[in-house]
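Q: Please take a close look at one part of this model, the nonpolar core and the cysteines. Then follow the chain outward to the residues around it.

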Amino acid sequence: MLKSYDTISGKEGTAYLKIDGRNEELFRAKSIEAKIEIKKGAVKCIGRRMDGSKPTGMKGTGTLKLYYGFPLFADVVRQYKETGKALYFDMVLTNSDAASSAGVQTVLIKDCSVDGILLSKLDGDSDDPLEDEISFTFEDYEFLETFKNI
């Protein structure tokens with residue numbers, strides 16, 4: 001039976017970028033999500049009313065929400081604009097809620113590429129700090145450490 005204290009708090013963990021030979025902590029991040037989509041092709045057969053599906057590949061996508069004013073991704077896009085060379089990066093994401101007996105999980109997200117950036121933002125109606133949302137794709141991943149089966 002699942003104990004409430006064994007659920008994982010999303011606030012407990014760390015996130016780093018490995019970019020251009022250096023590590024950058026994502027201390028401005030509010031949330032990070034990386035997903036795998038399994039691509040499927042339709043399988044249609046005579047005499048069968050329901051379409052089947054066959055896995056044909058995978059695609060990695062993600063979203064990074066952070067407080068506005070982190071220039072790293074603008075620099076990545078600027079470099080591409082000026083040189084034509086796309087700059088890929090890796091992310092290391094760790095969930096580590098000490099209250100949970102599930103332990104720690106660390107995932108290395110490899111060969112990330114941003115889909116675009118927010119150039120500028122003003123919001124006279126908001127009393128909240130400005131935020132940015134950056135979508136990205138990635139080409140591979142590896143679990144460096146996984147949760148215990150509890």
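A: Cysteine 112 is buried, because its relative accessibility is 0%, below the 20% cut-off for that class. The model is a predicted one, and this value is computed from it. Cysteine 45 is partly exposed, because its relative accessibility of 38% falls between the 20% and 50% limits. A search of the whole structure for disulfides returns zero. In general, a disulfide is a covalent bond between the sulfur atoms of two cysteines; no such pair is found here.

Cys112 also belongs to the largest nonpolar core, which has 21 residues. It is one of the members that touch the most other members, a group that also holds Leu17, Leu26, Phe73, Phe89, Met91 and Ile109. Two or more core residues come from each of strand 1, strand 4 (52-67), helix 1 (72-83), strand 5 (89-96), strand 6 (104-114) and strand 7 (131-138). Strand 6 gives the most, with four residues. In soluble globular proteins, nonpolar side chains tend to be buried together.

Phenylalanine 89 shows how these members meet. Beyond four places in sequence, Phe89 touches Leu17, Phe73, Ile109 and Cys112, among others. Its contacts also include Lys18, Ile19, Lys110, Asp111, Ser113 and Val114.

Threonine 106 lies in strand 6 as well. Thr106 is buried because its relative accessibility is 8%, again under 20%. Leaving aside neighbours within four places, Thr106 is in contact with Val92, Leu93 and Thr94, and also with Glu142, Phe143, Leu144 and Glu145.

Next comes the loop between strand 5 and strand 6, where serine 100 is placed. Ser100 counts as buried because its relative accessibility is 6%. Outside its neighbours within four places in sequence, Ser100 is in contact with Tyr5, Asp6, Thr7 and Ile8.

One of those partners, aspartate 6, is in the segment before strand 1 (13-19). Asp6 is buried too, because its relative accessible area is 10%. Not counting residues up to four places away, Asp6 touches Ala99, Ser100, Ser101, Ala102 and Ile150. The contact between Asp6 and Ser100 thus appears in the contacts of both residues. By contrast, lysine 40 is 34 residues from Asp6 along the chain, and their C-alpha atoms are separated by 34 Å.

Terms used. Residues numbered from 1 in each chain as written. Predicted model: local features only at pLDDT ≥ 70, side-chain atom pairs only at ≥ 80, totals over all residues. Heavy atoms only, no water. Buried < 20%, exposed > 50% of the residue type's maximum accessible area, 1.4 Å probe, protein only. Contact = heavy atoms within 4.5 Å. Core = buried A, V, L, I, M, F, W, Y, C linked by side-chain atoms within 4.5 Å. Disulfide = S-S within 2.5 Å.
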